[in-house]
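Open the model in your viewer and keep the selection tool ready. The stops below say what to select and what is there.

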Amino acid sequence: MSAAFAAGKVALITGSSRGIGRALALTLAADGASLVVNYKRNAELAAQTVAEIEAAGGRGIAVQADMEEPDDVARLFAAAAEEYGRLDYFVGNAAASAFKSILDLKLHHLDRSYAMNIRAFVLGVQAAVPLMTGGGRIVALSSYGSIRAYPTYANLGAAKAALEAWVRYMAVEFAPLGINVNAVNGGIIESDSSAYFYNVEGMPDLHEQVLPKIPAQRQGTVQEVADVVAFLLDPRSEYITGQSLVVDGGLSIVAPPFFEDATGPLRLPTREDATTGS
Ligand SMILES: NC(=O)c1ccc[n+]([C@@H]2O[C@H](COP(=O)([O-])OP(=O)(O)OC[C@H]3O[C@@H](n4cnc5c(N)ncnc54)[C@H](OP(=O)(O)O)[C@@H]3O)[C@@H](O)[C@H]2O)c1
C-alpha cells in the first residue's frame, strides 16, 4: 500500500464494531483517515473501536443505525455530513441473514434479507455520492455464496450476487464523478459470523471436513480481507472499477473430485516431494 494513502480522508464503514469492518476501520485510521463507525447493538464494542482509533491519533465517531431501516441509513449519513462535511470512502460491510434451507424460508426472511443486504447498500450509496465532492471509492462486501451454492446460504448468497450486479451498474454511472465502485468477495473468514454459521444444526465440521478442501487449508483472517478493501481505496487501484475481487485462499477454484480425497500418486505434493522431484 502506498504510504498514508488515507491521510485526511473520511471513511464510513457499516458494521465496524466487530470483524472485518472493525479491522478495516483501524487500518484506515492508522493511515490517517477519519472514521464513522457504525453498529447495530454493540455500543460498547463500537466505542472501543473509536477509542482505539483515537489512541492511534485518529478521529472517529460511533453511530448506532440499523441498516435494515431506511430512516436509520439516512440518519447515519447525516451524522457523517454533520461531523466531517464530506465523505471519501463508503464501505457497505454489515450483513445478516437467516441460514435456512430454501423450503424453510418465510416471507419475512426474504424481505429482511433484501432490506439488509441489498437495499441498505443502494440507499447508502445514494446518500454517499452527494457527499463525495472530490470523487471517492465505494466497496461492497460479498462472499463466495454469490457464485457457489452450499447449505443454508441461498438467502444471503443470492443477495450477494445482486450486490455484485449493483456494483457493476454503479461503477458505470459514477465513473464520470470520479467514484470507483467494487466488491470484495470473501471465502471463509474467521469471525463471529462464520462461527455462528458453522454452529447451525446439520452443518459439517469446519476444521475436519471443510478447511482441508481449501487450497490454502485454513480460514482467512479479517485483516486479510480488510487489507484487500484498503487496496481498493488506495490510489494505486484507480483503474479498477466494477469488479469483484476474490479473497478466498483458492476455495472457489476447486471442485470435486478434491485433491484432499485423492490417494497415492494423485495426492498433493509435500515439500519433500517438491525438493526431491518425486
Ligand atoms: N466472516 C466470513 O466468513 C465472511 C466471508 C465472506 C464475506 N463476509 C462478509 O463480510 C462482511 C462482514 O462480515 P463479518 O464476518 O466481519 O461480520 P461480523 O464479525 O459478524 O460483524 C457484523 C457487523 O455488522 C454489524 N451489523 C449487523 N447487523 C447490522 C444492522 N442491521 N445494521 C448495522 N450494523 C449491523 C454488527 O454490529 P453489532 O456489533 O452492533 O452487532 C457488526 O459490526 C459481511 O458482509 C459478510 O457477509 C464474511
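The tour goes from the whole chain to the ligand, then to the helix pairs and two backbone details.

**Before starting.** Residue numbers start from 1 along each chain as its sequence is written. This is a predicted model, in which local features need pLDDT of at least 70 and side-chain atom pairs count only at pLDDT 80 or more, while totals for chains, interfaces and linings use all residues.

**Whole protein.** Show the cartoon: the protein has 9 helices and 7 strands. Helices (H or I, at least four residues) and strands (E, at least two) are DSSP runs, numbered from the N terminus. Along the principal axes, the C-alpha atoms fill a box of roughly 65 × 50 × 40 Å. The radius of gyration is 20 Å, which agrees with the value near 19 Å for a compact globule of 278 residues. That radius is taken over C-alpha atoms, and the globule rule is 2.2 Å times the number of residues to the power 0.38.

**Ligand.** Select the ligand and the 32 residues that surround it; a residue is near if its C-beta atom, placed from the backbone, lies within 6 Å. The closest are G15, G19, N42, A95 and G186. Helix 1, strand 2 (34-39), strand 5 (136-143) and helix 6 (192-197) each give two or more residues to this shell. By class, the shell has 12 nonpolar, 14 polar and 6 charged residues. Here Ala, Val, Leu, Ile, Met, Phe, Trp, Tyr, Cys and Pro count as nonpolar, Asp, Glu, Lys and Arg as charged, and the others, Gly among them, as polar.

**Helix 1 with helix 8.** Now select residues 19-30 and 222-233, which are helix 1 and helix 8. Their axes are 8 Å apart and the packing angle is about 55°. Axes are lines fitted to C-alpha atoms, for helices over the stretch in contact, and angles run from 0 to 180 degrees between N-to-C directions. Helix 1 is therefore oblique to helix 8: angles under 35 degrees count as roughly parallel, over 145 as roughly antiparallel, 65 to 115 as roughly perpendicular and the rest as oblique. Contact residues (C-beta atoms, placed from the backbone, within 7 Å) include I20, A23 and L24 of helix 1 and V225, A226 and V229 of helix 8. The contact divides into 9 nonpolar, 3 polar and 1 charged residues.

**Helix 1 with helix 2.** Keep helix 1 and add helix 2 (residues 43-55); the axes are 9 Å apart at an angle of about 20°. Helix 1 is thus roughly parallel to helix 2. R22, A25, L26 and A29 of helix 1 meet T49, E52 and I53 of helix 2. These residues divide into 4 nonpolar, 1 polar and 2 charged.

**Helix 4 with helix 5.** Select residues 107-128 (helix 4) and 154-174 (helix 5), whose axes come within 10 Å and cross at roughly 20°. The two helices are therefore roughly parallel to each other. Among the contact residues are Y114, F121 and V125 of helix 4 and L163, W166 and M170 of helix 5. By class, this contact has 12 nonpolar, 4 polar and no charged residues.

**Two backbone details.** What joins P256 and P257? The link is a cis peptide bond, with omega about 0°. P257 is in the loop between strand 7 (244-247) and helix 9 (271-276). Finish at T152, in the loop between strand 5 and helix 5. Its phi is near 70°, a positive value in a residue other than glycine.

How values were computed: Contact = placed C-beta atoms within 7 Å.
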